[in-house]
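Have you ever wondered how a label such as "buried" or "salt bridge" gets attached to part of a protein? Let us look at one model together and ask what lies behind the words.

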Amino acid sequence: MPDPYMIDDNRGTDLSARRTGLAFQRTRMAADRTMMAVIRTSLSLISFGFTIYKLIEGMQGSKLVELKDHASRNFGLTLIGIGMAALVAGIIYQLRFMAQLKAKRRELEQQGSIHAETDFPGSFNLVLAVLLLLVGVFAVISIVFRIGPF
């Protein structure tokens, strides 16, 4: 009778390949969580910059506060710009990291060191980041040219 605790070579290799495949999935999910942190930070900066601009502009219009010309606009644009820059950096990092991860996964798949039974889908977070970047662009256009839906 075979020993149930002994793993034959084929089964051990199979388990190892499956674990490696799952490690790739965990790494991909960690990259998505990092992208979500960038999105949250950028969203906070963009929305806070626009809110500060509109709030101070309204207070100046009703003579509640007096500031230098364009002070609220410059401060709001600075915050929005920082948020957009962080978002662009996060998008570039995400694209590069995912390309490297996919290349490594393909390499291991060709060597037979990994089971590639599951798909390696694109990130919805990336789509969300691009949409938020567009919102930032519209906010800047609205502040600078005083046009748009905002």
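The questions and answers below go through this predicted model label by label.

Q: What makes the pattern of the protein α-α-α?
A: The protein has three helices and zero strands, and reading along the sequence gives α-α-α.

Q: How do you know how the span of helix 3 compares with the expected one?
A: Helix 3 covers residues 124-145, which is 22 residues, and reaches 32 Å from its first C-alpha to its last. At 1.5 Å a residue, 32 Å is expected, so the span is close to that value.

Q: Why is Phe48 called partly exposed?
A: Phe48, which sits in helix 1 (residues 9-61), has a relative accessibility of 48%. Buried means under 20% and exposed means over 50%, so Phe48 falls in between and counts as partly exposed.

Q: Why is Arg146 called exposed?
A: The relative accessible area of Arg146 is 60%. The cut-off for exposed is over 50%, so Arg146 is exposed. Arg146 comes just after helix 3 and takes a positive phi of about 55°.

Q: What makes Glu57 and Arg146 a salt bridge?
A: Their closest N and O atoms are 2.8 Å apart. A salt bridge needs a side-chain nitrogen of Lys or Arg within 4 Å of a carboxyl oxygen of Asp or Glu, so this pair qualifies. Glu57 lies in helix 1 and Arg146 in the segment after helix 3, so the pair ties together parts that are 89 residues apart in sequence. At 21% relative accessibility, Glu57 counts as partly exposed, because buried means under 20%.

Q: How do you know how far apart Arg28 and Asp32 are along helix 1?
A: Arg28 and Asp32 are four residues apart in helix 1, so about one helical turn separates them. They form a salt bridge, with the closest N and O atoms 2.9 Å apart. Arg28 is buried, and Asp32 is too.

Q: What makes Glu107 and Lys104 a salt bridge?
A: Their N to O distance is 3.5 Å; the limit is 4 Å, so the label fits. Both residues lie in helix 2 (residues 71-111), three residues apart, about one turn of the helix.

Q: Why is Val130 called partly exposed?
A: Val130 is in helix 3 and has 41% relative accessibility. That value lies between 20% and 50%, so Val130 counts as partly exposed. Val130 also belongs to a nonpolar patch on the surface, with Phe124 and Leu131 among the other members.

Methods. Residues are numbered from 1 along each chain as its sequence is written. This is a predicted model: local features need pLDDT of at least 70, side-chain atom pairs count only at pLDDT 80 or more; totals for chains, interfaces and linings use all residues. Side-chain values use heavy atoms; hydrogens and water are left out. Helices (H or I, at least four residues) and strands (E, at least two) are DSSP runs, numbered from the N terminus. Buried means under 20% relative accessible area, exposed over 50%, partly exposed in between (1.4 Å probe, protein chains only). Patches are made of residues with over 30% relative accessible area and no salt bridge: like charges are joined within 9 Å, nonpolar side chains (Val, Leu, Ile, Met, Phe, Trp, Tyr) within 5 Å. Accessible areas come from the Shrake-Rupley method with a 1.4 Å probe; for residues, only the protein chains shown count as cover.
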